[in-house]
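Student: I have a fresh model open and I'd like to test the labels people hang on it. Can we take them one at a time and check each against its cut-off?

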Amino acid sequence: QVQLVESGGGLVQAGESLRLSCAASGRITGIGTMAWYRQAPGKQRDLVAAITSGRTTNYADSVKGRFTISRDNAKNTVYLQMNSLKPEDTAVYYCNAGIISTSDLRNYWGRGTQVTVSS
């Protein structure tokens, strides 16, 4: 059974930093694109950042220059370094990945980690 487990969320003040981690575990043959999404109360879940297996990255305009996504393929882990946090970054952050397990490619989600930024 493949699982994605996020960690690193918390409560910070505006201007501070947080680093989120998401580790994939289970019977994994390969991992394609890994990504972070976020969902604020009453809003839809939106893409924050994505990174391909070749380490090409993509960011939402609202986080460009402040957030950095990276991955460690040896550890099946993706990170999100969040700097200069703003109150509008407050949301539940979800990890997403396309994972090949045995012969099947499926899209997996983590359960989310809360990030709260106070003003």
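Tutor: Sure, and keep in mind that this is a predicted model. Let's begin with Thr116, which lies in strand E11, residues 113-118.

Student: Why is Thr116 called partly exposed?

Tutor: Its relative accessible area is 27%. Buried means under 20% and exposed means over 50%, so Thr116 with its 27% is partly exposed.

Student: What makes Gln114 a polar contact of Thr116?

Tutor: The side chains of Thr116 and Gln114 are joined at 3.3 Å. The cut-off for such an N or O pair is within 3.5 Å, so the 3.3 Å pair counts as a polar contact. If you leave aside neighbours within four places in sequence, Thr116 is in contact with Gly10, Leu11, Val12 and Thr90.

Student: How far is Thr116 from Leu105 in space?

Tutor: They are 33 Å apart, C-alpha to C-alpha, with their positions eleven residues apart in sequence.

Student: Next one. Why does Asp89 count as buried?

Tutor: Asp89 has 1% relative accessibility. Buried takes anything under 20%, so at 1% Asp89 is buried. You'll find Asp89 in the loop between strand E8 (77-82) and E9.

Student: Which side chain makes a polar contact with the side chain of Asp89?

Tutor: That of Arg38, at 2.9 Å. With the limit at 3.5 Å, the 2.9 Å pair qualifies, so polar contact is the right label. Apart from neighbours within four places in sequence, Asp89 is in contact with Arg38, Arg66, Phe67, Ser84, Val115 and Val117.

Student: And Lys64, buried or exposed, or in between?

Tutor: In between: Lys64 has a relative accessible area of 49%. Exposed needs over 50%, so Lys64 stays partly exposed. Lys64 is in the loop between strand E6 (57-59) and E7, and its side chain makes a polar contact with that of Asp61 at 3.1 Å. The C-alpha atoms of Lys64 and Met82 are separated by 10 Å, though the two are 18 residues apart along the chain.

Student: How do you know that Cys22 and Cys95 form a disulfide?

Tutor: Their S to S distance is 2.1 Å. The test is a pair of cysteine sulfur atoms within 2.5 Å, so the pair at 2.1 Å passes. A search of the whole structure finds one disulfide.

Student: What parts of the chain does the pair link?

Tutor: Distant ones: Cys22 sits in strand E3 and Cys95 in strand E9 (residues 91-101), 73 residues apart. Both cysteines are buried.

Student: Why is the disulfide called left-handed?

Tutor: The torsion about the S-S bond of Cys22 and Cys95 is about -85 degrees, so left-handed it is.

Student: What makes E1 and E3 a strand pair?

Tutor: They share five bridges, in the antiparallel sense. Pairing asks for at least two bridges, so five will do. As an example, the bridge partner of Leu4 in E3 is Ala24.

Student: In what order do the strands of the open sheet come?

Tutor: E1-E3-E8-E7, with antiparallel pairing. The edge strands are E1 (3-7) and E7 (67-72), since each pairs on one side only. The twist averages 15 degrees from one strand to the next.

Student: Which strands pair with E9, and what supports that?

Tutor: E4 pairs with E9 over eight bridges, antiparallel, and Ala35 has Asn96 as its bridge partner in E9. Three bridges join E9 to E11, also running antiparallel, and Tyr93 stands opposite Thr113 in E11. E10 (residues 104-109) pairs with E9 over six antiparallel bridges. E9 and E10 form a hairpin with two residues between them, and Thr102 in the turn has a positive phi of about 55 degrees.

Student: Why is E9 described as mostly covered?

Tutor: Nine of its eleven residues are buried, which means they fall under 20% relative accessible area. E9 also gives the most to the largest nonpolar core, with five residues. That core has 29 residues, of which Trp36, Leu80, Met82 and Tyr93 touch the most other members.

How values were computed
Residues are numbered from 1 along each chain as its sequence is written. This is a predicted model: local features need pLDDT of at least 70, side-chain atom pairs count only at pLDDT 80 or more; totals for chains, interfaces and linings use all residues. Side-chain values use heavy atoms; hydrogens and water are left out. Helices (H or I, at least four residues) and strands (E, at least two) are DSSP runs, numbered from the N terminus. Axes are lines fitted to C-alpha atoms, for helices over the stretch in contact, and angles run from 0 to 180 degrees between N-to-C directions. Buried means under 20% relative accessible area, exposed over 50%, partly exposed in between (1.4 Å probe, protein chains only). Contact means heavy atoms within 4.5 Å. A polar contact is a pair of N or O atoms within 3.5 Å; within protein, one must be able to donate a hydrogen and the other to accept it, and residues adjacent in sequence count only if both atoms are side-chain atoms. A nonpolar core is a set of buried Ala, Val, Leu, Ile, Met, Phe, Trp, Tyr and Cys residues joined through side-chain atoms within 4.5 Å.
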